[in-house]
Amino acid sequence: MESLCGRTSALLLDIQTRLQRLERAPMGPAAGEDELEAEIEAVFGEIAANCDRLDMMVNKEPPSRRTTAKIRVDQLKYDSQHLKAALRNVRHRRFQKEEEARERDILLSKDFEPNEPDTSIMIDAALQHDRRLNSAGRNIDEMISTGSSILSNLRDQRGMLKGVQRKVLDIINTLGLSNTVLRLIERRSGQDKVILFGGMILTCIVMFLVWKYLV
């Protein structure tokens, strides 16, 4: 199990390196970004298969080591989900850059007749206003994407905490600890829920304020 965890961690580091290459890759069919994305997806598939094998290995671990092993596997899953969100963000940014380049090429390829000075001023003002709107729209898209990623990570962490809590409660019951300790753990679980929902509400408020005052 240790060797498989090590290989999975190495694959996660490999994906981080490939994501950086994809972020810096130039636009165009000759850049090879499609092949790089296919390689990243293949590595994600290998990581998912390793996590499935690790889940089976956890159940075979001795009770004294099972909780620690489960936490380690859950952390690998969480890191994988985090990198998948990063890949989605990179794809979104590259798509926006491609759209901007395409629109710029279309504008440059058109033939325009000379305009009156007043007309040129109006067009320049309209273009500046359009650029500001596009910039605000991109910022909102990034905020929404980041907020979705944060909410997804919070949900994943909540699931991990629930699993850890159940394991800890089993251990406590086995050791015969007092009901006072159990009540403290349940109170901590309630606090975790408050933090989770508070973070979700705060994210929604920030996204609403950005949409209201920047657009």
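In this predicted model, Arg18 touches four residues beyond its immediate sequence neighbours, namely Leu36, Glu39, Ile40 and Val43, once residues up to four places away in sequence are set aside. Arg18 itself sits in helix H1. With a relative accessibility of 18%, Arg18 counts as buried, because the cut-off for that class is under 20% relative accessible area.

The helix that carries Arg18 also packs against another helix of the chain. Helix packing is conveniently summarised by two quantities, the angle between the axes and the distance between them. For helix H1 (residues 2-24) and helix H3 (residues 63-109), the angle is about 15° and the axes lie 11 Å apart. H1 is therefore roughly parallel to H3, since angles under 35 degrees fall into that class. The crossing of H1 past H3 is left-handed. On the H1 side, the contact is made by Glu2, Cys5, Thr8, Ser9, Leu12, Ile15, Gln16, Leu19, Leu22 and Glu23. H3 contributes Arg72, Leu76, Asp79, Ser80, Leu83, Ala86, Leu87, Val90, Arg93 and Arg94.

Cys5, one of the H1 residues in this contact, leads on to the cysteines. The structure holds 0 disulfides. Cys5 is in no disulfide, and the nearest cysteine sulfur, which belongs to Cys51, is 8.5 Å away; a disulfide would need the two sulfur atoms within 2.5 Å. Cys5 is buried, with a relative accessible area of 1%. Cys204, by contrast, has a relative accessible area of 45% and is partly exposed, because that value lies between the 20% limit for buried and the 50% limit for exposed.

Turning to the chain as a whole, the secondary structure amounts to 5 helices and 0 strands, and the order along the sequence reads α-α-α-α-α. The chain has 215 residues, of which 23% count as buried; Arg18 and Cys5 are among the buried residues. The exposed surface of the chain comes to about 14800 Å², with carbon and sulfur atoms supplying 58% of that area. Among contacts in the chain with a separation of 6 or more, 76% involve residues 24 or more positions apart. The pairing of H1, at residues 2-24, with H3, at residues 63-109, offers a handy place to look at such contacts in the model.

Terms used
Residues are numbered from 1 along each chain as its sequence is written. This is a predicted model: local features need pLDDT of at least 70, side-chain atom pairs count only at pLDDT 80 or more; totals for chains, interfaces and linings use all residues. Side-chain values use heavy atoms; hydrogens and water are left out. Helices (H or I, at least four residues) and strands (E, at least two) are DSSP runs, numbered from the N terminus. Buried means under 20% relative accessible area, exposed over 50%, partly exposed in between (1.4 Å probe, protein chains only). Contact means heavy atoms within 4.5 Å. Accessible areas come from the Shrake-Rupley method with a 1.4 Å probe; for residues, only the protein chains shown count as cover. Axes are lines fitted to C-alpha atoms, for helices over the stretch in contact, and angles run from 0 to 180 degrees between N-to-C directions. Angles under 35 degrees count as roughly parallel, over 145 as roughly antiparallel, 65 to 115 as roughly perpendicular and the rest as oblique. A crossing is left-handed if the near helix is turned anticlockwise from the far one by less than a right angle, and right-handed if clockwise.
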